[in-house]
Amino acid sequence: MAFNITATIASFGGKLLKLTHKATSTNCEMALNLYLPPEAAKQGSKVPVLFYLSGLTCTGDNCAEKGFFQHGASQRGIAVVYPDTSPRGLKIEGEDDAYDFGSGAGFYVNATKEPWTKGYNMYTYITEELPNALFSSFDQLDSSRVGITGHSMGGHGALTLFLKNPGKYKSVSAFAPISNPINCPWGQKAFKGYFGEDQQEKWKEHDATELVKQWKGPLNVLIDVGTGDNFYKQGQLLPENFIKAAKEAGNDKNINLRMQPDYDHSYYFISTFADDHVAHAAKFLLA
């Protein structure tokens, strides 16, 4: 097995595994959580998989401990993968200087600007290396039924990875996603650092609002944003821009943006609507 199991925790009738493995794309050891529902313990069982991408500063532990995804996933027989948000300990100068760039802030892109190319390849890690390792190590995971969701920076990741890889993911949803990073301070800082200020076309390749303009085919997306979210108020999320672009491209018919009164950006918000997002994924993963 490619993974070391450092802990096994009973959760909602299933098992939450804390895993580590050596990753070549990120050039370091990566930690993650994998939730196996009760269904996965049955002989010969194959369960679909939902990837949950976390936001700035987070690890794979935050949502596994506070998101309550295991509740709905247990009931519906869906495995959940909680990866980390960046490489760790690469000793790149400046990687630990800010909460919104470097460690804990990989933005689910492959960096093209030195020195970040040395391991800041979270796009490859999430779309290729990690799933390949999981599917080769855990026979009970069904590689043909994979969905993706995420929060904030991870919501940006979920939307962009889905839109950049037609057919790879059967479902997509997001909590408070950074929906138009080229037009918000978080995204501009990250893309300037990972790609370079002069690489505007590259920026657009990792912006959901730009990508949705080119999307072909059905697009079923659930997006929740809290009206009490300070980052929404500060213009970091810009979900309206995503909806506007989708509408202009004729892709908005099955996008469900729910503005949730008073909810903030925290795991109180995520845990409240986690079951809804698992149910959304289940419509496509269990179809």
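## Close-up views of a predicted model

**View A. A side-chain pair at N180.** The side chains of N180 and D207 are joined by a polar contact of 2.9 Å. The model shown here and in the views below is predicted. N180 sits in the loop between β7 and α5. Is N180 buried or exposed? N180 counts as buried, because its relative accessibility of 2% falls under the 20% limit. Beyond its neighbours within four places in sequence, N180 is in contact with D207, T209, L237, L238 and N241. D207 thus appears both as polar partner and in the contact list of N180.

**View B. The annotated active-site residues.** An unreviewed UniProt entry lists S152, D229 and H265 under "active site". Why do these residues gather at one spot, although they span 114 residues in sequence? No two of their C-alpha atoms are more than 11.0 Å apart, so the residues come together in the fold. Each of them lies in a loop. S152 is in the loop between β6 (141-150) and α4 (153-164). D229 is in the loop between β8 (221-226) and α8 (230-233). H265 is in the loop between β9 (255-260) and α10 (267-285).

**View C. H265 and its surroundings.** Which side chain makes a polar contact of 2.8 Å with that of H265? The partner is S152. H265 has a relative accessibility of 13% and counts as buried. Residues up to four places away in sequence aside, H265 touches H151, S152, A176, D229, F231 and L237. Two of the annotated residues, S152 and D229, are thus on the contact list of H265.

**View D. D229 in its pocket of contacts.** D229 is buried, with a relative accessible area of 0%. Its contacts, leaving aside neighbours within four places in sequence, are A176, L237, Y263, D264 and H265. A176 and L237 appear here and among the residues that H265 touches. L237 is in contact with N180 as well, which links this view to View A.

**View E. Backbone details at S152, A176 and P115.** S152 is not a glycine, yet its phi is positive, near 60 degrees. S152 is buried, with a relative accessible area of 3%. A176 has a positive phi too, near 45 degrees, and is likewise a residue other than glycine. The loop that holds A176 runs between β7 (171-175) and α5 (185-194). A176 counts as buried, at 0% relative accessibility. What is the geometry of the peptide bond from E114 to P115? This bond is cis, with omega near 0 degrees. P115 lies in the loop between β5 (79-82) and α3 (122-137).

**View F. The β1-β2 hairpin.** Strands β1 (residues 4-11) and β2 (residues 14-23) pair in the antiparallel sense. Seven bridges join them. One bridge pairs A7 with K18 in β2. Two residues separate the strands of this hairpin. F12, in the turn, has a positive phi of about 50 degrees.

**View G. The sheet and helix α10.** Nine strands form an open sheet with mixed pairing, in the order β1-β2-β3-β5-β4-β6-β7-β8-β9. Which strands stand at the edges? They are β1 and β9; each has a single partner strand, so one side of each is left without a neighbour in the sheet. Neighbouring strands are turned by 20 degrees against each other on average, direction ignored. Within the sheet, β4 (residues 47-53) and β5 pair in the parallel sense over three bridges. V49 has A79 of β5 as its bridge partner. Helix α10 packs on the sheet, where it touches β4, β6, β7, β8 and β9. The direction of α10 makes about 170 degrees with that of β7.

**View H. F69 in the nonpolar core.** In soluble globular proteins, nonpolar side chains tend to be buried together. The largest nonpolar core here has 93 residues. Which of its residues touch the most other members? They are F69, L134 and Y194. Helix α10 gives the most to this core, with nine residues. F69 touches L50, Y52, C63, Y82, T149, F175, I270, A274, H277 and V278, not counting residues up to four places away in sequence.

Note on methods:
Residues numbered from 1 in each chain as written. Predicted model: local features only at pLDDT ≥ 70, side-chain atom pairs only at ≥ 80, totals over all residues. Heavy atoms only, no water. UniProt positions renumbered as here; feature names shortened; annotations may be inferred. Helix = DSSP H or I, 4+ residues; strand = E, 2+ residues; numbered from the N terminus. Buried < 20%, exposed > 50% of the residue type's maximum accessible area, 1.4 Å probe, protein only. Contact = heavy atoms within 4.5 Å. Polar contact = N/O pair within 3.5 Å; in protein donor to acceptor, adjacent residues only side chain to side chain. Pairing = 2+ DSSP bridges. Axes fitted to C-alpha atoms, helices over the stretch in contact; angles between N-to-C directions. Core = buried A, V, L, I, M, F, W, Y, C linked by side-chain atoms within 4.5 Å.
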